[in-house]
Amino acid sequence: MNEPAAHATIEEVVRHSYGRLVAYLAARTGDVAGAEDALSDALMRALARWSVDGMPDKPEAWLLRAARNRQIDAFRRQAVRQDAAAFLQQVAAEAETMAERSDEFPDERLKLLFVCAHPGIDPAARTPLMLQTVLGIESARIASAFLVSPSAMEQRLVRAKQKIRSAAVPFRVPEPAEWDERVSFVLDAIYSAYTAGWESVSDESSAPRALARDAVALGRTLVQLRPQEPEALGLLALMLHCEAREAARFADDGRFVPLDEQDTARWSQPLIREAEDLLRRAAAERKPGRFQLEAAIQSIHAHRAISGTIDWAEIALLYEGLMRLAPGIGSQIGRAVALAEIGRADEALQALEGISTERVAAHQPYWAARAHVLRRLERREEARAAFTRAASLTEHPALRAHLFRRAADEI
Amino acid sequence: MKYALLVHVPPSHFEQRDDAATVAAGRAYGEALQAAGIFVGGAGLGSPRHATTVSVRDGKRQVHDGPYAETKEFLAGFGIIDVPDLDTALEWAARHPLADRFSVEVRPLLGAQFASAPKR
């Protein structure tokens with residue numbers, strides 16, 4: 001095998017197995033950074049060896065063995081001062097057994113996800129850690145998606161990995177008593193990557209947009225690892241419903257198109273079907289949660305492709321449920337918009353005015369929703385002012401232009 | 001893994017902690033750590049008002065009355081425990097009788113990951 005062929009094979013293995021290899025290596029030592037180093041060393045060796053000797057039968061097992069040997073060397077060096085002979089023997093024996101069985105090694109990615117989203121880890125580092133260790137994404141690309149400098153991101157990641165190692169954050173699946181809370185940290189970290197990528201831009205190839213797709217990949221990984229966790233199913237359904245509309249969010253001339261005006265023919269029906277299927281699976285578990293409700297709301301919007309209408313009364317109810325499960329201004333705003341659509345605009349305005357002004361002073365969705373409700377009430381001058389305010393609170397040119405157009409409609 | 005549990009409290013606590021309930025709760029907690037076989041050491045600390053701080057600069061000893069720095073919170077006590085991982089240490093920290101009013105900082109001891117073999 002020549003070098004380009006070896007390169008291609010390695011890329012293939014990395015794409016499919018990086019997270020599993022890192023998770024396996026790290027779960028035994030508690031050292032994520034050490035696992036990554038050992039694996040990248042093994043990949044270098046593979047490149048040199050495979051182009052000469054040809055591909056091994058089981059490339060993953062080959063990499064794992066090489067990485068394990070590297071880990072053992074590293075331990076030996078670190079442990080000079082320590083009496084770690086017994087431990088080293090254990091590690092060596094384990095590496096041997098590993099090499100013998102080898103084509104199937106345990107999938108420890110779930111544990112790795114829980115380590116990345118451990119409450120003892122800086123929340124700002126959780127999503128980047130997942131992207132890097134589970135999906136194998138380079139830190140420079142993560143940095144551009146999060147709009148921070150590569151060195152700042154690298155530092156954040158290094159610090160988190162040091163903490164994992166030196167504080168012994170355990171690689172384990174949480175007990176039932178703590179499950180819901182711990183899984184919510186994992187889900188939040190995935191969703192924050194998705195929204196950061198989704199809300200931002202129309203540019204297909206931008207780093208934040210790629211981040212949204214990476215978040216979907218993490219969501220898929222979690223569902224694959226825990227196929228019966230209703231909120232994981234709900235989160236993936238939510239993301240896929242949004243992904244399904246990617247081609248409809250902007251018109252060919254770059255104009256922003258609001259959800260209820262999107263051309264449903266441009267929605268991806270396969271993604272919608274997949275989302276609906278996930279949501280059904282989640283519902284069968286009979287354990288409602290925030291992400292399932294949010295996905296259900298998106299499911300109603302998706303139904304417009306078939307029925308031609310939107311059941312706003314049902315959406316208002318779902319937002320009420322959401323306000324109980326995940327109180328926040330997002331669900332209050334969503335409910336108000338839905339109420340305005342079913343002839344309850346007075347109530348909607350009241351609800352919006354019940355939110356404290358300082359919380360919404362710079363919150364674009366609030367001002368857009370308020371404008372919308374005021375328009376329904378035919379308070380056009382106030383609606384225009386609110387659309388203008390919303391327009392001045394967004395950083396996205398297409399959305400800003402859209403809101404200014406709406407404001408102009410009210411004159 | 002050995003961890004220090006560091007109990008941080010506001011200065012006012014040092015004047016209020018001699019009541020029987022607080023003392024009894026502290027003692028019970030120490031006994032629970034021992035019974036679990038994880039207690040390495042620890043103690044309650046006197047008031048920072050009685051602290052004296054020493055440093056040596058240019059070979060000269062400098063001594064001043066009071067704690068190292070005037071802060072809003074002071075160390076009121078510490079315990080060192082030997083447990084498998086951070087989650088177990090956090091469980092014990094959460095059980096500390098002052099954790100519901102003040103804060104318990106959990107810090108690994110330096111080099112503590114070498115002290116016991118990593119679990120499988």
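Buried here means under 20% relative accessible area. With that cut-off in hand, let us tour a predicted model, one close-up at a time.

**Figure 1. Two cysteines of chain A, A:C116 and A:C242, are both buried.** A:C116 has a relative accessible area of 1%, so this residue counts as buried. A:C242 is buried as well, with a relative accessible area of 11%. If you are looking for disulfides, the count comes to 0 over all chains.

**Figure 2. A:D214 and A:R141 form a salt bridge between two helices of chain A.** Side chains of opposite charge can pair when their charged atoms come close. The closest N and O atoms of A:D214 and A:R141 are 2.5 Å apart. A:D214 lies in helix α10 (residues 207–225) and A:R141 in helix α7 (residues 139–145), so this salt bridge ties together parts of chain A that are 73 residues apart in sequence. The partners differ in their exposure: A:D214 is buried, with a relative accessible area of 13%, while A:R141 is partly exposed at 38%. The pair belongs to a wider set, as a search of the whole structure finds 35 salt bridges over all chains.

**Figure 3. A salt bridge joins the side chains of A:D180 and A:K287.** Here the N to O distance is 2.9 Å. This pair links distant parts of the chain, 107 residues apart. A:D180 is in helix α9 (residues 176–198) of chain A, whereas A:K287 sits in the loop between α12 (269–284) and α13 (290–302). Both residues are partly exposed. The relative accessibility of A:D180 is 43%, and the relative accessible area of A:K287 is 36%.

**Figure 4. A:E410 meets A:R380 in a salt bridge.** The N to O distance for these side chains is 3.4 Å. A:R380 lies in helix α20 (residues 380–391) of chain A and A:E410 in the segment after α21 (397–409), so the pair ties together parts that are 30 residues apart in sequence. A:E410 counts as buried, at 7% relative accessibility. A:R380, by contrast, is partly exposed at 40%.

**Figure 5. A network of salt bridges includes residues of chain A and chain B.** From chain A come A:R172, A:E175, A:E178 and A:R182. Chain B is represented in this network by B:D87.

**Figure 6. Chain B combines 3 helices and 6 strands.** Follow the sequence and you will meet the pattern β-α-α-β-β-β-β-α-β. The C-alpha trace of chain B spans about 50 × 40 × 20 Å along its principal axes. Of the 120 residues in chain B, 32% are buried. Take the contacts in this chain between residues at least 6 apart in sequence: 79% of them join residues at least 24 apart. Chain B exposes about 7400 Å², with carbon and sulfur atoms supplying 55% of that area. Chain B has 13 positive and 14 negative charges, and the mean positions of these two groups are 6 Å apart.

**Figure 7. A:Q71 is a buried residue in helix α3 of chain A.** This helix covers residues 59–78. The relative accessible area of A:Q71 is 5%. Leaving aside its neighbours within four places in sequence, A:Q71 is in contact with A:L25, A:T29, A:A35 and A:A38.

**Figure 8. A:A251 is found in a loop of chain A.** The loop runs between α11 (230–244) and α12. A:A251 is partly exposed, with a relative accessible area of 26%. Setting aside neighbours within four places in sequence, the contacts of A:A251 are with A:V257 and A:R266. For a sense of scale, take A:V115, which is 136 residues from A:A251 along the chain: the C-alpha atoms of these two residues are separated by 42 Å.

**Figure 9. A:G343 is an exposed loop residue of chain A.** Look for A:G343 in the loop between α16 (329–341) and α17 (345–353). The relative accessibility of A:G343 is 68%, which places this residue in the exposed class. A:R376 is 33 residues away from A:G343 in sequence. In space, the two are 8.4 Å apart, C-alpha to C-alpha.

Notes
Residues are numbered from 1 along each chain as its sequence is written. Chains are lettered from A and ligands numbered from 1 in the order in which they are written. This is a predicted model: local features need pLDDT of at least 70, side-chain atom pairs count only at pLDDT 80 or more; totals for chains, interfaces and linings use all residues. Side-chain values use heavy atoms; hydrogens and water are left out. A salt bridge is a side-chain nitrogen of Lys or Arg within 4 Å of a carboxyl oxygen of Asp or Glu. Helices (H or I, at least four residues) and strands (E, at least two) are DSSP runs, numbered from the N terminus. Buried means under 20% relative accessible area, exposed over 50%, partly exposed in between (1.4 Å probe, protein chains only). A disulfide is a pair of cysteine sulfur atoms within 2.5 Å. Contact means heavy atoms within 4.5 Å. Accessible areas come from the Shrake-Rupley method with a 1.4 Å probe; for residues, only the protein chains shown count as cover. Lys and Arg count as positive and Asp and Glu as negative; His and the chain ends are not counted. The place of a charge is taken as NZ of Lys, CZ of Arg, CG of Asp or CD of Glu.
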